[in-house]
Amino acid sequence: DIVRQWEMVHGDDYSNFAAQNVFQLNDTHPAIAVAELMRILIDDKHLSWDQAWEITSNTMAYTNHTLLPEALERWSVKLFERLLPRLLEIIFDINAIFLKQVAIHWPGDSDRRRRMSIIEEDHGKSVRMAYLAIVGSFSVNGVAELHSDLLKKGLFRDFYELWPEKFNNKTNGVTPRRWIAHANPEMTALISSKIGDGWISDLSQIEKLKPFAGSANNKLFHAQWQAAKRSNKTRLAELVKKECGVDFAVDSMFDVQVKRTHEYKRQLLNVLHIIHLYNRIRRGDTLDWTNRCVLIGGKAAPGYFMAKRTIKLINNVAEIINCDPEVGDKLKVAFLPNYRVSSMEVIAPATDLSEQISTAGKEASGTGNMKFMMNGALTIGTYDGANIEILDAVGSDNFFLFGLKVDEVEAMRAHYDPESIIAADEDLKAVFHLLESGHFNIEEPGIFDAVIASMKDPHDPWMTVADFRSYIEIQQQAANAYRDQQHWTRMSIMNTACSGFFSTDRTMQDYNEDIWKLSPMELHK
Ligand SMILES: *Cc1c(COP(=O)(O)O)cnc(C)c1O
């Protein structure tokens, strides 16, 4: 369509096409566009290979969204041959020319050529779509500082060594129109009453809220901030009652983990903490207790057994805890089915504690973390993805950081021994004992064996057990902090006030300045 429109204005003159067009490949899914634009320019528009490649490779730009190698697309050569034979031919030619370049850069390094080839030769030939995107693009970016760094050091290291100038970072953002103004009208009115409403279209202005975070001269504002959070919590409690049949008391701390269910996001670490709290209640270890409502939500891919079984475990644990009269309001647990954007619009404004607990190095960016921060939730999080930039923005006094860092995770892998970590930790031992006793699956013997075994496996890639002690300690700090409502409110306001960087308007500006190079249009008023 873009080529057709270009032709209507410029005829067969493509000399300016690359300067005036960019295709931002949003993940590897549209990477086939590299070959398709080549086909159009060569076969339909009769340009030479070199002319077509000059245009294509200066028009495409690629955004990577995940470091997990299993998530990178590989399309089988067999399928290509049958459905897209001409595009396969073009990909083979792109690869042949590219591998000559690699050979010139690293003479005699056949292992490098095998590693970097767009065509994977092992276990049934396939096209590495991410490599096609990198070779065919003038820009390659990750979606948070750490993620972009790890792309250069790990997944795409060879390509970074060949073309360092292609690599850059564009930290993700979310829109304050949906995630504050639309989702949280009460807080929106309150903010605008203090700093005007310019922040809605220019979130950098939200920092004007910082002077109101101190409680001394802002008693009324603090009370109004708490009241807004309270009515949002009432709205969420109604949703949880309707969808889950669980009673959430609005005075409790609302502790929320909503995101796709995946092992690397470690919903299981959250479950271990919940069971630990349950054990504490059962043994009467409840001095200075903070009542807590834990909400977990998130879909699993249909064929992802571990994720499906984790959802089952959360539901079973919730059932046992919620029915125990000894527990009462000290702890409530709910799993929200069908988690989606419209549920997040109710959840983010009502959350006190935002769970961002992925294994360090595995969450590319996260955007849920940003929605929660904007709505005045405190983050309990690992040093991962955009959590790091949230921590930088809000300061360590207003963030609950825990867990191993990327290099510590990688250093521990070789000698990781979860069984000995469990044996050496009385609380963790008690949690596993209860799980393994079948306490949460009396009528369904064995159903959680695989989930339990995955955490005790020395090759567990997500190293859930490694972060348990650090996690429960920081959870205790969060619980203690919550009981000082004046202090908590200050931290909550600071989170919203420091969220200006995480607007997608800033993200788009960064893409424009570095990659698209569009000049702003005059607004027709
Ligand atoms: C924001 C959002 C996500 C992404 O959440 P993460 O915590 O960043 O993984 C997923 N699903 C829905 C419905 C969302 O609103």
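This is a chat about a ligand site and a helix packing in a predicted model.

Visitor: Which pLDDT do local features need here?

Guide: In this predicted model, local features need pLDDT of at least 70 and side-chain atom pairs count only at pLDDT 80 or more, while totals for chains, interfaces and linings use all residues. Residues are numbered from 1 along each chain as its sequence is written, and side-chain values use heavy atoms, with hydrogens and water left out.

Visitor: Okay, which residues are around the ligand?

Guide: Counting a residue as near if one of its heavy atoms lies within 4 Å of the ligand, the residues around the ligand include Trp179, Val258, Lys259, Lys265, Tyr339, Thr367 and Lys371.

Visitor: And what lies 2.7 Å from an oxygen atom of the ligand?

Guide: A backbone N or O atom of Thr367 does, and an N or O atom in the side chain of Lys259 is also 2.7 Å from a ligand oxygen. For Tyr339, a polar side-chain atom lies 3.4 Å from an oxygen atom of the ligand. The protein buries 82% of the 390 Å² that the ligand exposes when taken alone, with accessible areas from the Shrake-Rupley method with a 1.4 Å probe.

Visitor: Switching to helices, at what angle do α15 and α22 pack?

Guide: Helix α15 (residues 305–323) and helix α22 (residues 449–456) pack at about 110 degrees, with axes 9 Å apart; helices here are DSSP runs of H or I, at least four residues, numbered from the N terminus, and axes are lines fitted to C-alpha atoms over the stretch in contact, with angles running from 0 to 180 degrees between N-to-C directions. That makes α15 roughly perpendicular to α22, a label for angles of 65 to 115 degrees.

Visitor: Which residues make the contact?

Guide: With contact meaning heavy atoms within 4.5 Å, Phe305, Met306, Arg309, Thr310 and Leu313 of α15 meet Ala450, Val451 and Ser454 of α22.

Technical notes: Helix = DSSP H or I, 4+ residues; strand = E, 2+ residues; numbered from the N terminus. Parallel < 35°, antiparallel > 145°, perpendicular 65-115°, else oblique. Polar contact = N/O pair within 3.5 Å; in protein donor to acceptor, adjacent residues only side chain to side chain.
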